[in-house]
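Trainee: I have a new structure to go through. Please take me through it slowly.

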Amino acid sequence: MIKIREKALEKLEYFCLNHLAKYSSQRNFDHGPENRDNVSELSQYISHRILDEVEVLKASYKKFPYPVVEKFIQEVLWRTYWKGWLEMRPKVWQDYNKDLLELKKETKKNYLDAINAQTNVEPFNDWVKELKEKGYLHNHARMWFASIWIFTLNLPWQLGADFFLKHLLDGDAASNTLSWRWVAGLHSQGKHYLATEWNINKFSRKKYKNLKLNETAIAKYETKTYETYPITFDNISNEQSLFLVHNLDFCFPHQHQTQFNYYGVIDFNSVLQKQGYSENVMNFKKNINSELKNLIKEKFNSEIYIDSFENLQKVIQEKNIKQIILPYLSVGYENDFIHTFKKQVNIAYSVRDYDRYCWQFATKGYFKFKEQIPKVLTKFII
Ligand SMILES: Cc1cc2nc3c(=O)[nH]c(=O)nc-3n(C[C@H](O)[C@H](O)[C@H](O)COP(=O)(O)OP(=O)(O)OC[C@H]3O[C@@H](n4cnc5c(N)ncnc54)[C@H](O)[C@@H]3O)c2cc1C
């Protein structure tokens with residue numbers, strides 16, 4: 001069986017050789033699930049760092065002159081930008097989760113109709129089915145979906161973001177929450193994204209008629225403002241240490257020389273299961289975990305596998321562990337779980353140089369961040 005990283009590397013190579021050159025002019029078209037050559041479909045791998053951003057950027061950069069790959073490079077860096085932005089404003093994630101708890105107390109019919117593909121907007125119903133089946137939607141479809149959800153179906157953005165996060169194989173707290181806020185007009189206050197029948201027909205090459213979308217809605221508004229906090233990075237000690245890999249940074253042990261006493265895998269699936277992640281997504285993550293398990297066995301001859309706090313405590317006692325080190329967990333449910341016991345156990349996050357360097361530029365809008373891309377490329381790619 002082809003291992004997941006090999007599959008991802010093959011996909012990256014294939015995309016760069018055959019389709020990257022036309023990415024900039026073709027990427028906005030959603031030709032449907034059977035014809036996705038105009039985009040890379042690498043997001044499920046990049047979001048779990050089965051491929052990391054630096055190798056994706058390098059692979060594209062070495063194939064063509066910069067102007068040809070500029071758009072692709074900018075897209076890859078959107079993800080980095082969203083991560084840094086949310087990392088400095090974790091309260092956005094906390095408030096989103098508080099709102100979700102409230103909103104989920106009462107299940108409304110129009111919400112159930114939406115998530116069961118029973119609305120009177122035909123393409124929307126198709127995207128719901130596609131998302132549930134494939135765990136993927138084209139970027140433009142995500143924008144149309146979110147816009148219709150918020151402005152035509154009049155549903156709260158938080159419920160839509162939750163539905164996406166739990167069905168997308170690339171589901172990522174930062175890219176997802178902030179993209180939904182961007183569509184609603186909450187990221188850049190007053191600037192929202194409105195799906196139109198014309199735009200959907202043009203970029204899906206379909207001929208939908210009479211979609212009855214709200215094409216004149218005004219942006220959503222909130223009175224809260226979010227302060228920016230500096231990101232703090234932990235000091236790592238390797239004395240009596242246990243290094244735990246996880247499926248949000250699959251490549252970390254491949255790419256970093258690590259010198260710890262013990263190695264193991266930490267499995268967050270019970271946390272995500274409680275949150276109601278779809279079977280598709282859970283299976284994808286289980287598969288990555290089992291590869292990590294094999295990797296740790298082969299590379300470090302270890303069978304340590306942590307899937308609960310109790311389990312972790314047992315290993316700490318048995319091996320007299322003084323510090324646990326994890327590849328950096330950014331804002332999301334996995335990080336929330338670690339924070340529930342971070343005060344009882346000495347846990348440190350090991351950050352990649354790429355993240356530490358890039359996140360400092362995510363203080364404002366993407367436009368400002370984009371200006372720093374040449375510096376990022378000089379430091380990590382060229
Ligand atoms: C409402 C909404 C929700 C979204 N939720 C997620 C999410 O949970 N996880 C996620 O990874 N992306 C999310 N995106 C961003 C984007 O849609 C996907 O990253 C992209 O469609 C993935 O497909 P691809 O790999 O073929 O992308 P390509 O077009 O081939 O782009 C290459 C890579 O660049 C990155 N990228 C491209 N566009 C974006 C973007 N707008 N924002 C962030 N990164 C980008 C991805 O890592 C992607 O794999 C969301 C967008 C919207 C509008």
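Mentor: Start with the labels: helices (H or I, at least four residues) and strands (E, at least two) are DSSP runs, numbered from the N terminus. Keep in mind that this is a predicted model.

Trainee: OK. Where does glutamine 240 lie, then?

Mentor: In the loop between H12 and E1. Glutamine 240 is not a glycine, yet its phi is positive, near 45 degrees.

Trainee: What sign does phi have in most residues other than glycine?

Mentor: Negative, for most of them.

Trainee: And is glutamine 240 exposed or partly exposed?

Mentor: Partly exposed, because it has 15 C-beta neighbours inside 10 Å. Buried would take 20 or more, and exposed 12 or fewer.

Trainee: Which phi does lysine 212 have?

Mentor: A positive one of about 55 degrees, and lysine 212 is not a glycine either. Its place is in the loop between helix H12 (197-204) and E1. Lysine 212 has 9 other C-beta atoms within 10 Å, so it counts as exposed.

Trainee: New topic. Which domains does the assignment give for the chain?

Mentor: Domain 1 (4-85 + 359-380), domain 2 (97-204) and domain 3 (241-350). Domain 1 is written as two stretches of the chain.

Trainee: How many Å separate the centres of domain 2 and domain 3?

Mentor: 31 Å, taken over C-alpha atoms. The contact takes 7 residues from domain 2 and 10 residues from domain 3.

Trainee: Which elements give two or more residues to the domain 2 side?

Mentor: Helix H10 (157-167) and H11 do, on the side that touches domain 3. By class, that side of domain 2 has 3 nonpolar, 3 polar and 1 charged residues.

Trainee: There is a ligand too. How many residues surround it?

Mentor: 27, and the closest are Ser40, Ser43, Asn139, Asn176 and Ser179. The shell divides into 12 nonpolar, 8 polar and 7 charged residues.

Trainee: Which domains does the shell draw at least three residues from?

Mentor: Domain 1 and domain 2, with at least three residues from each. As for helices, H3 (43-46), H5 (66-87), H9 (139-152) and H11 (173-184) each supply at least two residues of the shell. H11 is also one of the elements on the side of domain 2 that touches domain 3.

Trainee: Let's do strands. Is E4 mostly covered or mostly open?

Mentor: Mostly covered: E4 covers residues 323-327, and 5 of its 5 residues are buried.

Trainee: Which residues are on which side of E4?

Mentor: Gln323, Ile325 and Pro327 are on one side, with Ile324 and Leu326 on the other. Both faces of E4 are covered.

Trainee: In what sense do E1 and E4 pair?

Mentor: In the parallel sense, over 3 bridges, where E1 is residues 241-245. Leucine 242 stands opposite isoleucine 324 in E4. E4 also runs parallel to strand E5 (residues 347-350), and 4 bridges join E4 and E5.

Trainee: What is the bridge partner of isoleucine 324 in E5?

Mentor: Isoleucine 347. For isoleucine 325, the partner in E5 is alanine 348.

Trainee: What do E4, H17 and E5 make?

Mentor: A right-handed β-α-β unit, with H17 spanning residues 333-339.

Trainee: Asparagine 335 has its place in that helix, H17. Why does asparagine 335 count as buried or exposed?

Mentor: It is buried because 20 other C-beta atoms lie within 10 Å. Leaving out residues up to four places away in sequence, asparagine 335 touches Leu329 and Ser330.

Trainee: How many Å lie between asparagine 335 and glutamate 87?

Mentor: 11 Å, C-alpha to C-alpha, although the two are 248 residues apart in sequence.

Trainee: Last one. Where is arginine 5 found?

Mentor: In helix H1 (residues 4-18). Arginine 5 counts as partly exposed because it has 17 C-beta neighbours inside 10 Å. Apart from neighbours within four places in sequence, arginine 5 is in contact with Ile50 and Phe250.

Trainee: And what separates arginine 5 from histidine 138?

Mentor: They are 133 residues apart along the chain, and their C-alpha atoms are separated by 22 Å.

Conventions. Residues are numbered from 1 along each chain as its sequence is written. This is a predicted model: local features need pLDDT of at least 70, side-chain atom pairs count only at pLDDT 80 or more; totals for chains, interfaces and linings use all residues. A residue is near a molecule or strand if its C-beta atom, placed from the backbone, lies within 6 Å of it. Ala, Val, Leu, Ile, Met, Phe, Trp, Tyr, Cys and Pro count as nonpolar, Asp, Glu, Lys and Arg as charged, and the others, Gly among them, as polar. Domain bounds come from an automatic or database domain assignment. Two residues are in contact if their C-beta atoms, placed from the backbone, lie within 7 Å. Two strands pair if DSSP finds at least two bridges between them. A crossover is right-handed if, with the strands pointing away from the viewer, the path from the first strand over the helix to the second runs clockwise.
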